[in-house]
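Me: Please take one part of this molecule and go through it closely. Start from a single side chain and follow the links outward.

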Amino acid sequence: PDLCYLAKEGSSFHLKIPIKGKPAPTVTWKKGEDQVLTETGRVAFESTAVNTTLLVRDCQKDDAGKYTITLKNSAGSKEGTISIKVVGKPGIPTGPVKFEEVTADAITLKWGPPKDDGGSEITNYIIEKRDNINNKWVICASAVQKTTFRVSRLHEGNEYTFRISAENKYGVGEGRPTPEVTWTKDDIPLKARANIENTDSFTLLIITECNRYDAGKYIMTLENAAGKKTDSIVLHWDMPLLDGGSRITNYIVEKLLAENEFGIGEPGETTEPVRASEAPSPPESLNIMDITKSTVSLAWPKPEHDGGSKITGYIIEAQKKGSTQWTHITTVKTLDCVVKNLTENEEYTFQVMAVNSAGRSDPRESRPVVVKEQMMLPEFDLREIYQKSVIARAGDNIKIEIPVLGRPRPTVTWKKEDQLLKQTHRVNFENTATATILTINECTRNDSGRYPLSAKNIVGEVSDVITVLVHDIPGPPMGPIKFDEVSSDFVIFSWEPPQNDGGVPISNYVVEMRQTDSTTWTELATTVIRTMFKATHLTTGVEYQFRVKAQNRYGTGPAISSEPVIANYPFKVPGPPGTPQVIAVTKESMTISWNEPVTDGGSPILGYHVERKERNSILWQTVSKALVVGNLFKSSGLTDGIAYEFRVIAENMAGKSKPSKPSDPVFALDPIDPPGKPIPLNITRHAVTLNILWVKLNKTSIPDTKFKTTGLEEGLEYEFRVYAENIVGIGKASKVSECYIAHDPCDPPGRPEPIIVTRNSVTLQWKKPEYDGGSKITGYVVEKKE
């Protein structure tokens, strides 16, 4: 619904409307359908990102109407309307005034109500008269309720002028429109020749450097809606007796001076000094401000004219109903008075007269009033509290003063939410004769909330609610800070908005960073809008910590800090490669191969590093100058007859793996030549006798240094020898083994049992095998396992 705002005529009204939008919207004010407001001496407006303000000074009736606010940004536009109602004194009663009945000593007047009631009901009319003899306005009646009135006690034959003023709760309106004044001479307007100054009560005509042609008849014309009236002034003077020997050229009218070509003569003066002074005009009205069972409070404005002399005081008189006598009450110098010790339930009329050195003014009467305790339901005047809300910044002092009406004087109570307000040295309230005042010193966010208040007297009870909004810097963002993505040179992290935004929207966040080995924080960004941030240009392997602060229009709140995080790749180093195998050997080089790691760590293998060492050394050295692509590598520069071991390291984007297991030691030797051709020792026609008969046991190459032979006959003795083979061929045979008798192995010994246990030794015993395999048991092998 549209908002409605009351403004008093002649005062200033100040509208402050909260707004929001991202990006900040532009604001346009319009009055009516299409009148775009522009700033003038009376009208000003200002807009920020969070509110727009309209200020109208010296409020006038034509400022009333519907005002439209248009907000616009890249996301769209939105409108809102506010109705301004200007209230004040009523306008002029509608005329013309009709004379319904005229007698020798009375006239009955009739008129229409004002077209403009000032936004408030007309309470009464004030009737004034002026005769053509005294030419002073005198109140005939001040509490006329109808639009007709009989003016009595007039003098037969006198000419009277009447004026009627309407009154509402804001004051007394004009009784007659201010006339327009024009001056003419010989039917020619004097605007060009003279300086003319007009006010509501007088007109001033100034003719500078006047000459004899300025003598003559000056006609003054007054015109308003009620009619037109003219009057005239004839300006003339006598010529000086002496012209100074030269013809008088012109006259200057200040005092009277004559001038010729040789200069200005002495001025003519009055015989005695004259002080222009007369009795002042009466105050424009006498208002009843308050009534109790024994007092009446009166107030009045200064007279329009002081009669040319300072007003020294005001005389207050009272008249009881039914009496013709006026009783002197007091003389005061202020513009108000409390008349005390009055009789309850009696009707009184009061009058006030202004006094200066020339005398007293005509009296100004009040409306008749009955002296009795007034009965009125309590009422809060909340017009000065916009939307019944008070906004303050934390640490400020809050003072809420609310005028309280009601008769008899109501009792006012305050609450905070649903509990009676507990008064402390910081939070308290005070009830005066006309208002209730809530004070909160050094307010905090906890002071925000609803403050219900109620006023109660014997007539009844009313209540209302004031909302207090205390704004402050925001609290810390809600955590923990989450790392959404971590890489070698950037980190993306996020957080939640603060639980306490300070009462106003969060405008942005401030992000800071430090290395964990330093205490210095560095600002990364101060205008972060979202609750997520990407920190870039980090150093791989360095540990960082981040913190975030929320900011609103009141400042920056406390920070929330993250856990430390290391800038690194999101994957791991690969596992170790398989154990390398030597697949080719010379006395100067060896070729090795290996299997890929079981896991690549989440990132493809970029290549391998190959290391070697001599069997009796503990120092590994890298022999691959660059990353090895593939699973083969030839290592050169070996020393003939030295045994070498090799190991391999895999690498991906995260780094290098652990080394593989080392290869078996291999001697750097050239390949062994194959054995010579067998030569028969004795050849007959039935047989060939060779030196010895050896039977080859394996049909395929044996990669390991062990072999199980089958098909032997139990009890026979056998000898064995072995040949080594590489890619070049088969080498020489090994030495012949000892003779072995083919038989089954013996049974295992019995379960070992500990018999003596100390802190660093165990003594075991076991039973002999039941079957020795056909051969004497020569010993036992003892093994242990952790």
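Reply: Start at Arg450. Arg450 counts as partly exposed, because its relative accessibility is 38% (buried is under 20% relative accessible area, exposed is over 50%, partly exposed is in between, with a 1.4 Å probe and protein chains only).

Two reading notes come next. This is a predicted model, where local features need pLDDT of at least 70 and side-chain atom pairs count only at pLDDT 80 or more, while totals for chains, interfaces and linings use all residues. Residues are numbered from 1 along each chain as its sequence is written, and side-chain values use heavy atoms, with hydrogens and water left out.

Which side chain meets Arg450 in a salt bridge? The partner is Glu417, with 3.8 Å from N to O (a salt bridge is a side-chain nitrogen of Lys or Arg within 4 Å of a carboxyl oxygen of Asp or Glu). Arg450 lies in strand S41, and Glu417 lies in the loop between S37 and strand S38 (419-420). The two residues are 33 apart, so this pair links distant parts of the chain (strands are DSSP runs of E, at least two residues; helices are runs of H or I, at least four; both are numbered from the N terminus). Glu417 is partly exposed too, at a relative accessible area of 33%.

Now look at the core. Strand S41 (449-456) is one of the elements that give two or more residues to the largest nonpolar core. That core has 24 residues (such a core is a set of buried Ala, Val, Leu, Ile, Met, Phe, Trp, Tyr and Cys residues joined through side-chain atoms within 4.5 Å). Those with the most contacts inside the core include Phe380, Ile400, Trp414 and Leu438. Other contributing strands include S36 (398-407), S37 (411-416), S40 (435-440) and S42 (461-471).

Take Ile400 as an example. Neighbours within four places in sequence are left aside here. Ile400 is then in contact with Ile385, Val390, Thr436, Ile437, Leu438, Ile466 and Val468 (contact means heavy atoms within 4.5 Å). Another core lies apart from this one. That other core has 20 residues, among them Phe533, Phe546, Val548 and Ile560.

Back to the charges. Side chains of opposite charge can pair when their charged atoms come close. The count here is 18 salt bridges. One of them joins Arg383 and Asp381, whose closest N and O atoms are 3.0 Å apart. Arg383 counts as partly exposed at 46%, and Asp381 is partly exposed at 22%. Elsewhere, Glu9, Lys61 and Asp116 are linked in a network of salt bridges.

Is the pair of Glu645 and Lys613 buried or exposed? Both residues are buried. Their side chains meet in a salt bridge of 3.7 Å, N to O. Glu645 sits in strand S56 (residues 643-652) and Lys613 in strand S53, so the pair ties together parts that are 32 residues apart in sequence. Lys613 has a further partner: its charged end sits over the ring of Trp620, 5.5 Å from the centre (NZ of Lys or CZ of Arg must be within 6 Å of the ring centre and within 35 degrees of the ring normal). Arg547 makes a comparable placement over the face of Trp521, at 4.2 Å from the ring centre.

Strand S53 (residues 607-614) also holds His609. At 14% relative accessibility, His609 counts as buried. A polar contact of 2.6 Å joins the side chains of His609 and Glu651 (N or O atoms within 3.5 Å, where within protein one must be able to donate a hydrogen and the other to accept it; residues adjacent in sequence count only if both atoms are side-chain atoms). Leaving aside neighbours within four places in sequence, His609 also touches Ser624, Leu627, Arg647 and Lys656, among others.

Last, the wide view. The chain has 0 helices and 66 strands. Of its 786 residues, 33% count as buried. Consider contacts between residues at least 6 apart in sequence: 59% of these join residues at least 24 apart. The bridge from Arg450 to Glu417, 33 residues apart, links distant parts of the chain as well.
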